[in-house]
Amino acid sequence: MSGHSQFKNIMYRKGAQDAKKAKIFAKLARDITIAAKSGLPEPDKNPRLRLAIQAARAESMPKDNIERAIAKASTDKGGDDFVSARYEGFGPGKVAIIVEALTDNKNRTAGNVRTVFGKRGGVMGESGSVAFNFERIGFIQYPLAAADKMFEAALEAGANDVVSDEENHEIETVPDDLSTVTEALEKQFGTPSASRLDWKAMVKTPINDLETAQKFFDFVDALEDDDDVQRVYHNAEISDEIMQQLN
């Protein structure tokens with residue numbers, strides 16, 4: 001079975017990002033709020049909300065923060081009018097980029113994203129300009145210590161693919177099965193470290209020099225630093241040698 005080790009490259013500086021817990025929690029809370037507004041504010045009756053809460057728990061978000069985010073979805077408690085937005089284009093090295101955001105002001109967010117593309121060596125494109133390079137998947141992650149039988153359990157639960165390395169088990173599902181597979185695995189192994197819908201690159205773009213790699217990751221960092229940006233996806237393929245130099 002084929003894996004999707006792209007996730008290690010996407011998050012190669014997670015150690016630095018972990019210091020930004022307040023920003024991470026704010027983005028998770030926004031995701032919970034909009035999920036609660038999309039249906040009933042009860043996790044057992046709202047799959048999208050259930051997944052958003054699972055993602056927050058995986059980041060050790062306090063229970064009070066989660067409950068406040070759900071309450072904020074109620075109009076009589078001042079819930080903000082957040083909407084989803086997606087932006088596409090190319091970053092340094094002609095790498096395909098998808099940016100997903102939740103915003104209460106599309107003009108502001110589009111302007112901020114466009115500025116990053118323009119000032120950091122990228123080119124912002126129209127909707128659909130790079131999405132054909134990706135497929136939508138469900139992504140679940142557990143630390144390697146979670147279980148030795150993750151492969152069999154995940155496939156039995158309905159997963160399409162399981163890849164394990166020295167740190168994590170990465171499980172791939174079709175989007176509609178993400179909630180079901182997550183629930184089945186959670187009963188056996190506890191809360192996953194990640195459970196979300198992702199974009200998986202079908203065609204990779206290699207980055208073969210250190211200077212371009214540094215510019216590319218600075219570009220991704222600048223996008224992720226925007227409060228409205230929830231996640232950045234790419235199709236870059238970077239050698240272990242260059243990654244070691246970056247770290």
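**Two sheets, two cores and the rings between strands and helices**

Let me open with a pairing: strand S1, residues 83-91, and strand S3 run antiparallel and are joined by 3 bridges. Within that pairing, Phe90 has Val123 of S3 as its bridge partner. I should say at once that what we are looking at is a predicted model, and every value I quote is to be taken in that light.

These two strands belong to an open sheet of 4 strands, whose order is S3-S1-S2-S9 and whose pairing is antiparallel. Strand S3, at 123-125, and strand S9, at 229-234, stand at the edges, and because each has a single partner strand, one side of each is left without a neighbour in the sheet. On average, and with direction ignored, neighbouring strands of this sheet are turned by 30 degrees against each other. Packed on the sheet is helix H9, residues 210-224, which touches S1, strand S2 (95-103) and S9, and whose direction makes about 155 degrees with that of S9.

That helix brings me to the nonpolar interior. The largest nonpolar core has 25 residues, and those that touch the most other members are Ile97, Val99, Phe216, Leu223 and Ile238. Two or more residues each come from S1, S2, helix H6 (106-119), H9, S9, strand S10 (236-238) and helix H10 (240-246). Of these elements, H9 gives the most to the core, with 7 residues. There is also a second, separate core of 17 residues, which includes Ile24, Phe25, Ile32 and Ile70.

Let me stay for a moment with Phe216. How exposed or buried is Phe216? Its relative accessible area is 0%, which falls under the 20% limit, and therefore Phe216 is buried. Leaving out residues up to four places away in sequence, Phe216 touches Pro92, Val95, Ile97, Ile207, His234, Ala236 and Ile238.

Turning to the aromatic rings, the structure holds 3 aromatic pairs, and I will describe two of them. In one, Tyr142 and Phe189 stand edge-to-face, at 6.1 Å centre to centre and with 75 degrees between the planes. This pair links distant parts of the chain, since Tyr142 lies in strand S4 and Phe189 in helix H8, 47 residues apart. Tyr142 counts as buried, because its relative accessibility is 1%. In another pair, the rings of Phe216 and Phe217 have their centres 5.2 Å apart and their planes at 65 degrees, so this pair is edge-to-face as well. Phe217, at 2% relative accessibility, also counts as buried.

The strand that carries Tyr142 takes us to the other sheet I want to show. It is an open sheet of 4 strands in the order S5-S6-S4-S7, again with antiparallel pairing. At its edges stand strand S5 (161-164) and strand S7 (194-201), each with a single partner strand, so that one side of each is left without a neighbour in the sheet. Here, too, neighbouring strands are turned by 30 degrees against each other on average, direction ignored. Strand S4, residues 134-143, pairs with S7 in the antiparallel sense over 8 bridges, and Arg136 stands opposite Trp199 in S7. Helix H8, residues 178-189, lies across S4, strand S6 (168-173) and S7, and runs at about 10 degrees to S4.

Now to a polar residue, Gln54, whose place is in helix H4, residues 47-58. Which residues does Gln54 contact, leaving aside its neighbours within four places in sequence? They are Thr182, Glu186, Thr191 and Ser195. With a relative accessibility of 4%, Gln54 counts as buried.

One more helix deserves a look. Helix H3, residues 21-37, has 17 residues and reaches 24 Å from its first C-alpha to its last, which is close to the 24 Å expected at 1.5 Å a residue. A good number of its side chains can be listed as buried, among them Ile24, Phe25, Leu28, Ile32 and Ile34, and also Lys27 and Arg30.

To place all this in the whole chain, I will end on totals. The chain has 10 helices and 10 strands, and 46% of its 247 residues count as buried. Among contacts between residues at least 6 apart in sequence, 72% join residues at least 24 apart.

Note on methods. Residues are numbered from 1 along each chain as its sequence is written. This is a predicted model: local features need pLDDT of at least 70, side-chain atom pairs count only at pLDDT 80 or more; totals for chains, interfaces and linings use all residues. Side-chain values use heavy atoms; hydrogens and water are left out. Two strands pair if DSSP finds at least two bridges between them. Axes are lines fitted to C-alpha atoms, for helices over the stretch in contact, and angles run from 0 to 180 degrees between N-to-C directions. Contact means heavy atoms within 4.5 Å. The expected span of a helix is 1.5 Å times one less than its number of residues. Buried means under 20% relative accessible area, exposed over 50%, partly exposed in between (1.4 Å probe, protein chains only). A nonpolar core is a set of buried Ala, Val, Leu, Ile, Met, Phe, Trp, Tyr and Cys residues joined through side-chain atoms within 4.5 Å. Rings of Phe, Tyr and Trp (its six-membered ring) pair if their centres lie within 6.5 Å; planes under 30 degrees apart count as stacked, over 60 as edge-to-face and the rest as tilted.
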